[in-house]
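Subject: Handover of a structure

Dear colleague,

Please find below the structure that I am handing over to you. My findings follow it, and I would be grateful if you would read them with the coordinates open.

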Amino acid sequence: MRQNIDSAMEKSSKSVFSPGILKNWVIFRRLYSRQLALLHRAHARIDHSISIYSIIRIMLKLFAVVVLLNFIVTEAFAQQKNTVNNISQLYLTQQWRDSSNQLFSRTEIYNASNMAIVVVDMWDKHWCASMNKKAEGLIPKMNKTFDAARALGIKIIFAHSETTKFYEAYPQRQRMKQSQIPAPLEVNDFNPPPLPWGRTGGCECSADRTCKESSTWTRQHDALIIKDEDLISDRADEINAFCKANGIKTLLYVGEASNMCVTWTRSFSVIPMIRYGYETIVIRDLIESISGNGYDPDKKVYDPSFTPQKGADSTLTHIEKYLCSSISANQILSAAGREPLSKVQPEIKRKKSRNHTPKSSRYASRKNSRRQNSEK
Ligand SMILES: [Zn+2]
């Protein structure tokens, strides 16, 4: 896969003095020499003043320079176009699971202009302090990945439910609404098993479930960068109309929470969009689940073995087994020639969020780390 991308990059970085320019230069030199010879003969016959002869020679040389510049500029633009075309071909290695949880993968070629990233519910404030921490961990990685995706021609759709009102005057929101065309939502019968803790996602801070559920969000987290060319919508009909109008067939999902809003509880989640005929892919290192911590929210019982990590692993396994494939963010970064995520420095300091964490959750995390140590 890398070889294909490398050869595409190599092709795009060739010299501006391509065979096309050299060929045109040779043709021009021949014509110029012929015209000069004719001019010499005419000059010898009519014997005009020397100044007219010099002026015509200078004009011919100027003409030569203009023609050559024109060739160089045209060729450079053609190569620039080739560069974009080559990079927009994406080689994505996706992973799935079969019924026995066995992982398998396949590399496919995608056209980046037929893809959009759907950024789910990256709110300014979640009711669970642990989910706020998880969001702050995702945002620097998302900003880097989205920049790479934009460079490739992938559209970014920010879908932060219940808060789009805040962005009503934004051009990114208006553009999404204007792009509405008649796009009937044809529905197929895709009906996978329910996601783990998909109905009961609980506070991840501690077994005592110290954070109380409420609508604390007012907008998207302001550290997550929305650029001019991006879009804002939390409605399936708008997203569907935009995608149909722009030839988008594949939706890449990121955000919170992978067992709820990302996959099924919103109109634009993975499952409904599969029903509307879209191919969906989850970027597995840009999602977070919400489950429990020392407490099983489904069975409503204390379970010391239950950790947020266990919830995240189970959710990803379920997605890859029943819903769709997953890729890593580094595949997007690599295709755009950017550094992988491991080299990204965190942009959001954790110090601030620690103040919001209830004491009991800090106790719970210490308890968990002690438990993990004793298990080793
Ligand atoms: Zn919490």
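In this predicted model, strand β1 (residues 89-97) pairs with strand β2 (residues 103-111) in the antiparallel sense, over nine bridges. Within that pairing, Thr 93 is placed opposite Thr 107 of β2. The two strands make a hairpin in which five residues separate β1 from β2. Asn 101, which lies in the turn, has a positive phi of about 70°.

As to the chain overall, it holds 11 helices and 10 strands. It has 376 residues, of which 34% count as buried. Among contacts with a separation of 6 or more, 83% are between residues 24 or more positions apart.

The confidence of the prediction should be kept in view. The mean pLDDT of the chain is 80, and 74% of the residues reach 70 or more. Two stretches deserve caution. Over residues 1-20 pLDDT stays under 50, and the model has 20 contacts for them beyond four places in sequence. Over residues 78-86 pLDDT likewise stays under 50, with five such contacts.

I turn next to strand β7 (residues 279-288). Seven of its 10 residues are buried, so β7 is largely enclosed by the rest of the structure. Strand β6 (residues 250-256) runs parallel to β7 and is joined to it by six bridges; in this pair Thr 250 stands opposite Glu 279. Between the two strands the chain passes through helix α7 (residues 270-275), and the resulting β-α-β crossover is right-handed. β7 also pairs with strand β10 (residues 325-327), again in the parallel sense, over three bridges. There Val 282 faces Ser 326 of β10.

One residue of β7 may serve as an example: Ile 287. Is Ile 287 buried or exposed? Ile 287 counts as buried because 24 other C-beta atoms lie within 10 Å, and the cut-off for burial is 20 or more. Leaving aside residues up to four places away in sequence, Ile 287 touches Val 254, Gly 255, Ser 258, Val 262 and Val 282. Ile 287 and Ala 257 are 30 residues apart in sequence, yet their C-alpha atoms are 6.9 Å apart in space.

Ala 257 has a further point of interest, as the peptide bond leading to it from Glu 256 is cis, with omega near -15°. Ala 257 belongs to the loop between β6 and α7. Most residues other than glycine have a negative phi, and most peptide bonds are trans.

Two residues other than glycine may be inspected for their positive phi. The first to consider is Glu 162, with phi near 65°. Glu 162 is in the loop between β4 and α5; with 13 other C-beta atoms within 10 Å, Glu 162 is partly exposed. The other is Lys 300, whose phi is positive at about 55° although Lys 300 is not a glycine. Lys 300 sits in the loop between β8 (295-296) and β9 (301-302), and counts as exposed because it has 10 C-beta neighbours inside 10 Å.

The interior is the next topic. In soluble globular proteins, nonpolar side chains tend to be buried together. Here the largest nonpolar core has 69 residues, and those with the most contacts inside it are Ile 117, Val 118, Val 119, Ile 157, Tyr 253, Val 254 and Ile 283. Which helix gives this core its largest share? That is helix α4 (residues 129-152), with 10 residues. Val 118 touches Ile 157, Ala 159, Leu 251, Tyr 253 and Phe 268, when residues up to four places away in sequence are not counted.

Finally, helix α6 (residues 236-245) has Glu 238, Ile 239, Asn 240, Ala 241, Phe 242 and Cys 243 buried. The elements that cover these buried residues include β3 (115-120), β4 (155-159), α5 (171-178) and β5 (231-232). After α6 comes Gly 247, which has a positive phi near 70°.

Yours sincerely

How values were computed:
Residues numbered from 1 in each chain as written. Core = buried A, V, L, I, M, F, W, Y, C linked by C-beta atoms within 7 Å. Buried ≥ 20, exposed ≤ 12 C-beta atoms within 10 Å, placed from the backbone. Helix = DSSP H or I, 4+ residues; strand = E, 2+ residues; numbered from the N terminus. Contact = placed C-beta atoms within 7 Å. pLDDT = per-residue confidence, 0-100. Pairing = 2+ DSSP bridges. Right-handed = clockwise from strand over helix to strand, strands pointing away.
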